[in-house]
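Here are some short exercises, each followed by a worked solution. Keep the sequence and the 3D view open while you go through them.

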Amino acid sequence: MSGDILQRLNTLTLSIKHFSRLPHSDLIPSSFPSPSPTIAASQVPILFQEPYILSGYRPVQQHWRCYLLSLFQRHNESLNVWTHLLAGPVLLLRWWANVDALGYTLDLASLPLSLFLVSSLTYLFFSVVAHLLQSHSEHAHYFFFFMDYVGVAVYQYGCALGHYFYTSEPVWRESYIGLLYLPGAAFFGCLSCAGCCFAKSRYQRPYPMQRKICQLIPTTLAYMLVICPVVHRLLTVSWTQEPSLPFHTLQIASFLLSALFFSCPIPERFFPGYCDFVGQGHQIFHVLLSLCTMFQLEALFQEYARRRDTALEVFGERQLWWACVSFPALFLGGILIALITMSFLFVCSITF
Ligand SMILES: [Zn+2]
């Protein structure tokens, strides 16, 4: 029996050796486009040049397939792609682990939790696509990053749904801010998407301060509103009774740190050219934002497990269904904002 297995392993090893000796052209048809080697910052249009990143750029105007295959190429966007690409399966694994440990049934009470997961996977997916394909052309660069902003707006609203239905305290929901919370979160989600799209299309490199203001003010306002019920709970509820609160603290800490790395090009600012492939501030931002999402999922699952039996009674069917309808509406609204901004770019006769 073992001799038979050894014989088979030997045959397999020989086959692999034979396969690895085959010339490249025998495996891949000559017509099959493969990614070109990376080039320096000075060789790509100014739109694609990132501050203090001097090399590792993919040439523009390659075949789409080259950008898809660049997933396995070493370039200055590789880690931006992989950090969010790997976060998706990790998030799903944590989801299933929590389903096993804490229980989950697909019904109205679990709807906001499911929408939070969908929103998280949406922003991760749009981010991966943007970083993978944006180098194709200026047109593609704008389009995919606008969709990335749509993903962020959807994620903000997914967080708001989770925080409102599972985290918020009754006394907070009865306050003015609690009453306006969900419509406000939808409004600021659209506003941050519009602000980011406008700033990206309006300002060219070197970017003026106004660009940061257009991006950061609506995004910061949206975050301040979305995190409100969490902060209220952290300040008013005993930590010993609530296993979710340490996770909420971690989600806030990781988000604030991620915002720092998103806003400032550090550490590459201090080491120009040394962080071209590994160590860029944007890569650290991706990792911290993914961690923030993981901590949110853990916290929301703990709270869902405690509140699912009373959720329908507390909020009523109508409000939970409204959450179900408003989520895709916000998604479509974000896409509309992105497409309208794209059409303005065409009108402004940008050469693609
Ligand atoms: Zn990114």
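**Exercise 1.** In which helix is Pro 218 found? Work out its surroundings too.

*Solution.* Before we start, a word on the model: it is predicted, so local features need pLDDT of at least 70 and side-chain atom pairs count only at pLDDT 80 or more, while totals for chains, interfaces and linings use all residues. Residues are numbered from 1 along each chain as its sequence is written.

Step 1. Pro 218 is found in helix 10, which covers residues 209-226. Helices (H or I, at least four residues) and strands (E, at least two) are DSSP runs, numbered from the N terminus.

Step 2. A residue is buried if 20 or more other C-beta atoms lie within 10 Å of its own, exposed if 12 or fewer, and partly exposed in between, with C-beta atoms placed from the backbone. Pro 218 has 23 other C-beta atoms within 10 Å, so Pro 218 is buried.

Step 3. Not counting residues up to four places away in sequence, Pro 218 touches Phe 188, Leu 191, Ser 192 and Gly 195. Contact here requires C-beta atoms, placed from the backbone, within 7 Å. Pro 218 and Gly 195 are 23 residues apart along the chain, and their C-alpha atoms are separated by 6.7 Å.

**Exercise 2.** Describe the chain as a whole.

*Solution.* Step 1. Count the elements: the chain has 13 helices and zero strands.

Step 2. Of the 352 residues in the chain, 39% are buried.

Step 3. Take the contacts between residues at least 6 apart in sequence: 76% of these join residues at least 24 apart.

**Exercise 3.** Characterise how helix 9 and helix 13 cross.

*Solution.* Step 1. The axes of helix 9 (residues 181-202) and helix 13 come within 10 Å and cross at roughly 20°. Axes are lines fitted to C-alpha atoms, for helices over the stretch in contact, and angles run from 0 to 180 degrees between N-to-C directions.

Step 2. Angles under 35 degrees count as roughly parallel, over 145 as roughly antiparallel, 65 to 115 as roughly perpendicular and the rest as oblique. Helix 9 and helix 13 are therefore roughly parallel to each other.

Step 3. The crossing of helix 9 and helix 13 is right-handed, the near helix being turned clockwise from the far one by less than a right angle.

Step 4. Residues making the contact include Gly 189, Cys 193 and Cys 197 of helix 9, and Gly 333, Ile 337 and Thr 341 of helix 13. The residues of this contact divide into 11 nonpolar, six polar and no charged. In this scheme Ala, Val, Leu, Ile, Met, Phe, Trp, Tyr, Cys and Pro count as nonpolar, Asp, Glu, Lys and Arg as charged, and the others, Gly among them, as polar.

**Exercise 4.** Where does UniProt place the feature "binding site", and what surrounds those positions?

*Solution.* Step 1. The unreviewed UniProt entry lists His 131, His 282 and His 286. UniProt positions are given in the numbering used here, feature names are shortened, and annotations may be inferred rather than shown by experiment.

Step 2. Although spread over 156 residues of sequence, these positions cluster in space, with a largest C-alpha distance of 11.4 Å.

Step 3. His 131 lies in helix 5 (residues 111-133). With 24 other C-beta atoms within 10 Å, His 131 is buried. Leaving aside neighbours within four places in sequence, His 131 is in contact with Glu 77, Asn 80 and Val 81.

Step 4. His 282 is found in helix 13, and is partly exposed because 19 other C-beta atoms lie within 10 Å.

**Exercise 5.** Look at the backbone of the loops and pick out some unusual angles.

*Solution.* Step 1. Recall the background: most residues other than glycine have a negative phi, and most peptide bonds are trans.

Step 2. Tyr 52 has a positive phi of about 70° although it is not a glycine. Tyr 52 is found in the loop between helix 2 (24-27) and helix 3 (64-69), and is buried, with 20 other C-beta atoms within 10 Å.

Step 3. Gln 61 also lies in the loop between helix 2 and helix 3, with a positive phi near 60°. Gln 61 has 9 C-beta neighbours inside 10 Å, so Gln 61 counts as exposed.

Step 4. The peptide bond from Ile 266 to Pro 267 is cis, with omega near 10°. Pro 267 is in the loop between helix 12 and helix 13.

Definitions and conventions. Contact = placed C-beta atoms within 7 Å.
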